[in-house]
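Open the structure in your viewer and keep the selection tool at hand. This tour goes from the whole chain down to single side chains, one stop at a time.

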Amino acid sequence: MKALFLAGGYGTRLRPFTFTKPKPLIDFANEPIILHQIKALHAVGVRTIVLAVNYQPSEMRKFAKEVKKELDIEIKFSLETEPLGTGGPLKLAEEYLKGNEPFFVLNSDVICDFPFADMLEYHKKNKSEGTILATKVEDPSRYGVIVHQENGKIERFVEKPQEFVGDRINAGIYILNPSVLDTIPLRWTSLEREIFPKLAKEEKIYCYHLNGFWMDVGKPGDFILGSTLYLKFISSQIKESKKVKIHGGVLIEGEDIQGAVLVPKEGRKGVQIGENCRIGPNVVIGKNVRIGNGCRLKNCTIMDGVVIGQSSYIENSIIGWGSHIGSWTRIQSHCFLGEDVTVRDECNINSLTVCPHKGVNQNIMKETIML
Ligand code: GTP
Ligand code: GTP
C-alpha cells in the first residue's frame with residue numbers, strides 16, 4: 001500500500017523550532033513527528049511513501065535515506081514549485097498513487113495511536129470513495145467539524161463553527177480511492193474545503209471515529225499538550241500490560257523521577273541527571289542532555305544536546321537543540337527556546353519565545369518574542 005504525506009507547509013506556527021528544521025522532522029518524544037507516522041503505516045503493510053514537499057528538500061532527503069536503511073520502504077519525493085495546498089499535491093503525485101488500491105493521506109503534524117488497520121477495514125466495508133479519521137475535542141470551534149449520520153456517512157463540514165454543530169473534527173488522516181484523484185485539479189486546492197464537501201454531497205465519504213488521544217502538534221503549546229497526552233497514553237498501556245512500542249526511547253524510573261519521563265534508548269547512560277533533581281511528570285529528554293544538581297523539570301521537552309546548570313526550574317516549556325540554560329533559572333508558562341539559545345544564570349522567564357542563537361540576559365515576565 002501507499003501513503004502520501006502533506007509535508008510542504010511552512011510550519012510558521014511552530015516557530016522558533018521550524019527555523020531550524022522542517023516541521024515533519026521536529027523531534028516529538030525524541031523521534032521526528034513524521035517517523036511516528038511512517039512506522040505505524042509500515043506496521044500495516046505500507047511500503048511506498050510519497051513526501052509532498054516544496055521547501056528544504058535536502059534535509060528531507062537525508063532523512064528519507066536513513067529511513068530507507070532502517071525500514072524496508074520506498075520513499076518518493078513529489079516536489080512542488082509553488083504551494084499547492086492540501087489537495088493539489090495529490091494530483092501532482094498522481095503517477096505514484098494511481099492503481100487499484102486505496103492510499104493513505106496524512107497531515108505531517110498529527111500524533112495519536114494510529115488506528116490504520118481498523119480504519120482500512122472500515123473503508124473497505126463501506127465501499128466509499130474516502131474515509132476521514134475523526135476525533136472528539138472539547139473545543140471544536142478551532143477546527144473543521146464533521147456533521148455525519150449514525151452510520152458514519154458524512155453530510156457536511158463546518159469550518160471553525162461559532163455555534164455547536166458537533167464535536168467530531170477532521171483529524172488530518174484520510175484513506176482515499178484513486179478515483180478521487182480525478183476530482184482534483186492541478187492547482188492550489190484545499191482537500192478540506194473543496195474536495196471533501198463535494199464527495200459529501202455525492203454521499204461518497206465516511207468518517208471513522210478515533211478512540212483515544214489525538215493532537216495536532218503544529219503549535220508549540222499544542223506540542224507540549226500532545227507530548228503529555230502521548231506519555232500518559234504510553235504509561236497507561238504499560239500499566240495495563242498492553243503491548244506498546246515506544247520508538248523514541250525508554251521511560252525511566254527512580255527516586256528522582258515522577259510519572260512519565262522519556263529518555264533516549266540508552267536509558268540513564270544516554271543523559272546526565274545530577275543529584276537531588278526531581279524530574280517529571282511528562283518530560284522528554286533528548287540525546288546528550290546534561291542536567292545539573294537540584295533541577296526541577298515538569299511538562300517539558302528538552303531537545304538533544306541541551307545543558308542545564310544547577311538548581312534550575314523548567315515547566316511547560318520547550319528547550320531547543322543545544323541550548324545552554326544557566327544555574328538558578330526559572331523558565332515557565334510556555335517558554336519556547338529555539339536552537340542554541342543561552343539563558344544567563346538566575347534569569348526568570350515567562351511565556352517567552354526566543355529565536356535560534358539568541359541570548360537571554362534579564363528577567364522577562366510578560367509574553368514576549370525575542371527575534
Ligand atoms: P503553518 O504555517 O504553521 O500554518 O503550518 P502549515 O503550513 O504546515 O499548515 P497546516 O498545519 O494547516 O497544514 C496542514 C498539513 O498540510 C501540514 O502537514 C502541511 O505540511 C501540509 N501543507 C500545507 N500547505 C501545503 C502545500 O502547499 N503543499 C504541501 N505539499 N503540503 C502542504
Ligand atoms: P487528568 O485529570 O490527569 O486526565 O488531566 P487533565 O484534566 O489535565 O486532562 P488531560 O491531560 O487529559 O487534558 C488536558 C487538556 O487536553 C484538556 O483541555 C482536554 O480537553 C484536552 N485533551 C484531552 N485529551 C485530548 C485529545 O486527545 N486531543 C486533544 N486535542 N485535546 C485533548
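**Stop 1: the two domains.** Colour residues 2–216 one way and residues 234–369 another; the domain assignment of the chain gives these as domain 1 and domain 2. What you are looking at is a predicted model. The centres of the two domains, taken over C-alpha atoms, are 30 Å apart. Where they touch, domain 1 contributes 11 residues to the contact and domain 2 contributes 21 residues.

**Stop 2: the whole chain.** Now switch to a cartoon view of everything. The chain has 32 strands and 7 helices. Its radius of gyration is 21 Å, close to the 21 Å that the globule rule gives for 371 residues, so the chain is as compact as a globular protein of that length. Show just the C-alpha trace and turn it: along its principal axes it spans about 60 × 50 × 45 Å. Of the contacts with a separation of 6 or more, 48% are between residues 24 or more positions apart.

Add a surface next. The chain exposes about 16,900 Å², and carbon and sulfur atoms supply 46% of that area. Of the 371 residues, 57% count as buried.

**Stop 3: the largest nonpolar core.** Hide the surface and select Ile38, Leu41, Ile49, Leu51, Phe104, Ile173 and Trp214. These touch the most other members of the largest nonpolar core, which has 66 residues. Where does this core lie with respect to domain 1 and domain 2? Both domains give residues to the core, so it lies between them.

Centre the view on one of these residues, Ile49. Leaving aside residues up to four places away in sequence, Ile49 touches Ala3, Phe5, Ile38, Leu41, Ile73, Glu74, Ile75 and Lys76. A second core, separate from this one, has 32 residues, and you can find it by selecting members including Val261, Ile285, Cys300 and Val306.

**Stop 4: salt bridges.** Side chains of opposite charge can pair when their charged atoms come close. The structure holds 12 salt bridges, and three of them are visited here.

- Select Glu31 and Lys39. Their side chains meet in a salt bridge, at 2.9 Å from N to O. Are these two residues buried or exposed? Both Glu31 and Lys39 are buried.

- Select Arg142 and Asp222. The closest N and O atoms of this salt bridge are 2.6 Å apart. The pair links distant parts of the chain, with the two positions 80 residues apart: Arg142 is in the loop between strand S8 (130–136) and strand S9 (144–148), and Asp222 is in helix H7 (residues 220–239). Arg142 has 36% relative accessibility, so it counts as partly exposed. Asp222 has a relative accessible area of 11%, so it counts as buried.

- Select Glu240 and Lys242. They form a salt bridge in which the closest N and O atoms are 2.8 Å apart. Lys242 is partly exposed, with a relative accessible area of 43%, and Glu240 is partly exposed too, at 47% relative accessibility.

For the last selection, return to Glu31 and Lys39 and add Glu70. Salt bridges that share partners join Glu31, Lys39 and Glu70 into one network.

Methods: Residues numbered from 1 in each chain as written. Chains lettered and ligands numbered in written order. Predicted model: local features only at pLDDT ≥ 70, side-chain atom pairs only at ≥ 80, totals over all residues. Heavy atoms only, no water. Core = buried A, V, L, I, M, F, W, Y, C linked by side-chain atoms within 4.5 Å. Buried < 20%, exposed > 50% of the residue type's maximum accessible area, 1.4 Å probe, protein only. Domains from an automatic or database assignment. Contact = heavy atoms within 4.5 Å. Helix = DSSP H or I, 4+ residues; strand = E, 2+ residues; numbered from the N terminus. Rg over C-alpha atoms; globule rule 2.2 N^0.38 Å. Areas by Shrake-Rupley, 256 points an atom, 1.4 Å probe, with all protein chains shown as cover. Salt bridge = Lys/Arg side-chain N within 4 Å of Asp/Glu carboxyl O.
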